[in-house]
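Work through these short exercises with the structure open beside you. Try each task before you read its solution.

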Amino acid sequence: PAAVIVGGARKNRTQAVGAVSEWAKSNQIPAMAGVQGSRLVVVLGAQAPPDIADLFADGPVVHGPWESGLSGAISSALEALAGLRVAPAWPAAPRPVNSDDLLAERALAGDQRAINRLKSGVYAPLNNAANPMLETLQAYLSHGGALEPAARSLFVHPNTMRYRLHRITELTGRDPWNPRDVFALQTALILGRLGSPD
């Protein structure tokens with residue numbers, strides 16, 4: 001497995017790479033690093049503790065997805081760099097933040113990978129579900145996350161609405177009670193409808 005983490009380089013090229021080397025050795029984690037302009041790029045071969053963020057300058061640090069081998073690290077790097085470009089839009093993001101947690105911001109910035117992932121991973125499962133999940137999500141969002149008014153607008157019992165919201169979580173991995181996930185759900189709903197011939 002390989003994953004890429006990117007952020008600002010806080011030292012010169014030699015010092016930044018040396019600091020990663022020492023950190024990797026002390027944590028017994030396979031890693032390699034390089035400085036690209038003002039960015040520090042770290043390729044990991046194993047899960048890293050949160051203190052990896054200390055290797056970077058102040059500001060956002062973005063963790064790309066785990067991929068297979070060094071060739072997969074290229075894809076992870078593209079995801080991490082796309083996340084780094086939009087990370088300022090979420091000032092309270094953790095360090096490091098997962099590039100998947102920035103999909104909505106990335107989509108708004110025109111990142112086609114993020115747009116495709118939100119359409120295929122969020123919109124499509126809801127659109128293809130047996131129950132009217134898109135209608136349920138739209139009602140929930142239209143009522144500001146208020147369960148009972150949303151249920152009334154659909155003429156269903158609040159427990160039915162709760163069940164459907166739990167199903168939305170199961171289908172998409174996004175929790176309608178989490179504000180960040182609501183943002184991603186709403187963005188996916190808009191993107192899916194824009195891309196739909198209907």
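## Exercise 1: A charged network

Start with aspartate 100, which is partly exposed at a relative accessible area of 23%. The model is predicted.

**Task.** Find the residue that meets the side chain of aspartate 100 in a salt bridge, and say which residues the wider network joins.

**Solution.**

Step 1. Apply the cut-off: a side-chain nitrogen of Lys or Arg must lie within 4 Å of a carboxyl oxygen of Asp or Glu. Aspartate 100 and arginine 117 pass, at 2.2 Å from N to O.

Step 2. Place the two partners. Aspartate 100 sits in the loop between β5 (97–98) and α3 (103–108), and arginine 117 sits in helix α4. They are 17 residues apart, and the pair links distant parts of the chain.

Step 3. Follow arginine 117 onward. Arginine 117 also forms a salt bridge with glutamate 79, with the closest N and O atoms 2.8 Å apart. This pair joins helix α4 to helix α2 across 38 residues.

Step 4. Follow glutamate 79. Its salt bridge with arginine 113 has its closest N and O atoms 3.9 Å apart. Glutamate 79 is in helix α2 (residues 69–86), arginine 113 is in helix α4 (residues 112–127), and 34 residues separate them.

Step 5. Collect the members. Shared partners join Glu79, Asp100, Arg106, Asp111, Arg113 and Arg117 into one network. The count of salt bridges by this rule is eight.

## Exercise 2: Buried or partly exposed?

**Task.** Classify glutamate 79, arginine 113 and arginine 117 as buried or partly exposed.

**Solution.**

Step 1. Recall the limits: buried is under 20% relative accessible area, exposed is over 50%, and partly exposed is in between.

Step 2. Glutamate 79 has 5% relative accessibility, so it counts as buried.

Step 3. Arginine 113 has 37%, so it counts as partly exposed. Arginine 117 has 29%, so it also counts as partly exposed.

## Exercise 3: Reading helix α4

**Task.** Describe the start, the bend and the buried residues of α4.

**Solution.**

Step 1. Look at the start. There, a side-chain oxygen of aspartate 111 comes within 3.0 Å of the backbone nitrogen of arginine 113.

Step 2. Find the bend. α4 has a kink of about 30°, and lysine 119 is at its centre.

Step 3. List the buried residues: Ala114, Ile115, Leu118, Val122, Tyr123 and Leu126. They pack against α3, α5 (133–142), α7 (158–172) and α8 (179–194).

## Exercise 4: An enclosed helix

**Task.** Why is α5 described as largely enclosed by the rest of the structure?

**Solution.**

Step 1. Count. Seven of the ten residues of α5 are buried, so this helix is largely enclosed.

Step 2. Name them: Met133, Leu134, Thr136, Leu137, Ala139, Tyr140 and Leu141.

Step 3. Look for the cover. It includes α4, α6 (147–154), α7 and α8.

Step 4. Check what comes next. Glycine 144 follows α5, and its phi is positive, near 60°.

## Exercise 5: The view from leucine 189

**Task.** Which residues does leucine 189 touch, not counting residues up to four places away in sequence?

**Solution.**

Step 1. Locate leucine 189 in helix α8. Its relative accessibility is 3%, so it counts as buried.

Step 2. List its contacts: Tyr123, Leu134, Leu137, Gln138 and Leu141.

Step 3. Compare sequence with space. Leucine 189 and valine 122 are 67 residues apart in sequence, while their C-alpha atoms are 8.0 Å apart.

Notes
Residues numbered from 1 in each chain as written. Predicted model: local features only at pLDDT ≥ 70, side-chain atom pairs only at ≥ 80, totals over all residues. Heavy atoms only, no water. Helix = DSSP H or I, 4+ residues; strand = E, 2+ residues; numbered from the N terminus. Buried < 20%, exposed > 50% of the residue type's maximum accessible area, 1.4 Å probe, protein only. Bend = angle between axes of the 7 residues up to and from the residue. Contact = heavy atoms within 4.5 Å. Polar contact = N/O pair within 3.5 Å; in protein donor to acceptor, adjacent residues only side chain to side chain.
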